[in-house]
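Student: I am new to this structure and would like to understand how its descriptive terms are justified. Could we go through them one by one?

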Amino acid sequence: MTTLRAGWVITQRDLAHWVRQPWAPIFGLLFSIMLLLVFGFLFGGAISVPGGGDYITFLLPGMLALSMMFGVETTATAMANDARKGITNRFRSMPIGSASVALGRVGADMANSAVELLVLILGGLLIGWRISSDPASAALAVLLLLLLRFAVLWIGIFLGLTFRGEGATVAVQVLVWPIGFLSTAIVSAETMPGWLGALAAWNPLSATASAARQLFGNPTGVTEGPLVDGAVWLAVGWPLLLTAVFVPLSARAYRRLRH
């Protein structure tokens, strides 16, 4: 069996788990919707957007990017549980490529991410968000959001194989929450103190959020810095760099499970 075919079989196995136990992806989606409603309607009236524009329209692309990053916790936990329960060892005893397990997990999570993204976009349209660009630009924005998700999934796989058990969940939470909120997903970097705004502007999540805003034709909250003209390029470059780093690290962590 080829690596890709075996990966597809494992993808189907993971999707079947979600069909039988759908609460994890459902609660993940509800959490993203809750954050959108809290920041959009509870705190949104007190937040201004540099350069002008409606805050809900500014917020929605940022929440889409943030939801792509939050999914890493599910990936890490699933990989850690499979490794701890010996399921990964059973896969290794089969005549399949060593990359098949990770590819299967990525395939299932990307399918879940596409559905989550679609639901959030429809929800955003219902609460007043609008896409002001052409269909090609909007499609590119969606692709960049999924590219970010693809990159962070490999981080989740690496953490799940390295920190097995409860340690994987804790490691991801320590990583995701500071990175997620130290970005321009919810507020513009220009409303932060100078040094903090500089860190937020160079956050990979900020690049994707700003690029999505530009491509959707929404307010960016950016009037200066690298995200003014280079957001789309950074939104491509950061995920490719993260993927190039964490794919080999994940492969190495998988091989170390043998010892």
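Tutor: Let us begin with G230, which in this predicted model lies in the loop between α10 and α11.

Student: Why is G230 called buried or exposed, whichever applies?

Tutor: The relative accessibility of G230 is 17%, and since buried means under 20% relative accessible area, G230 counts as buried. As for its surroundings, G230 and A211 are 19 residues apart in sequence, while their C-alpha atoms are 8.4 Å apart in space.

Student: Which term fits L122, and how do you know?

Tutor: L122, whose place is in helix α6, residues 100-126, has a relative accessible area of 47%; because buried means under 20% and exposed means over 50%, with partly exposed in between, L122 is partly exposed.

Student: What makes L122 eligible for a nonpolar patch on the surface?

Tutor: Patches are made of residues with over 30% relative accessible area, and L122 has 47%, so on this criterion L122 qualifies. L122 forms the patch together with L118, L125 and I131, and the accessible area of the four together is about 330 Å².

Student: Which residues have the most contacts inside the largest nonpolar core?

Tutor: They are L64, L66 and I186, in a core of 62 residues. Several helices, including α2 (23-43) and α3 (55-70), each supply at least two residues of this core, and its largest share, 15 residues, comes from α7.

Student: What does L64 touch, leaving out residues up to four places away in sequence?

Tutor: On that count, L64 touches L117, L120, I121, L145 and F216.

Methods. Residues are numbered from 1 along each chain as its sequence is written. This is a predicted model: local features need pLDDT of at least 70, side-chain atom pairs count only at pLDDT 80 or more; totals for chains, interfaces and linings use all residues. Side-chain values use heavy atoms; hydrogens and water are left out. Patches are made of residues with over 30% relative accessible area and no salt bridge: like charges are joined within 9 Å, nonpolar side chains (Val, Leu, Ile, Met, Phe, Trp, Tyr) within 5 Å. Accessible areas come from the Shrake-Rupley method with a 1.4 Å probe; for residues, only the protein chains shown count as cover. A salt bridge is a side-chain nitrogen of Lys or Arg within 4 Å of a carboxyl oxygen of Asp or Glu. Helices (H or I, at least four residues) and strands (E, at least two) are DSSP runs, numbered from the N terminus. Buried means under 20% relative accessible area, exposed over 50%, partly exposed in between (1.4 Å probe, protein chains only). A nonpolar core is a set of buried Ala, Val, Leu, Ile, Met, Phe, Trp, Tyr and Cys residues joined through side-chain atoms within 4.5 Å. Contact means heavy atoms within 4.5 Å.
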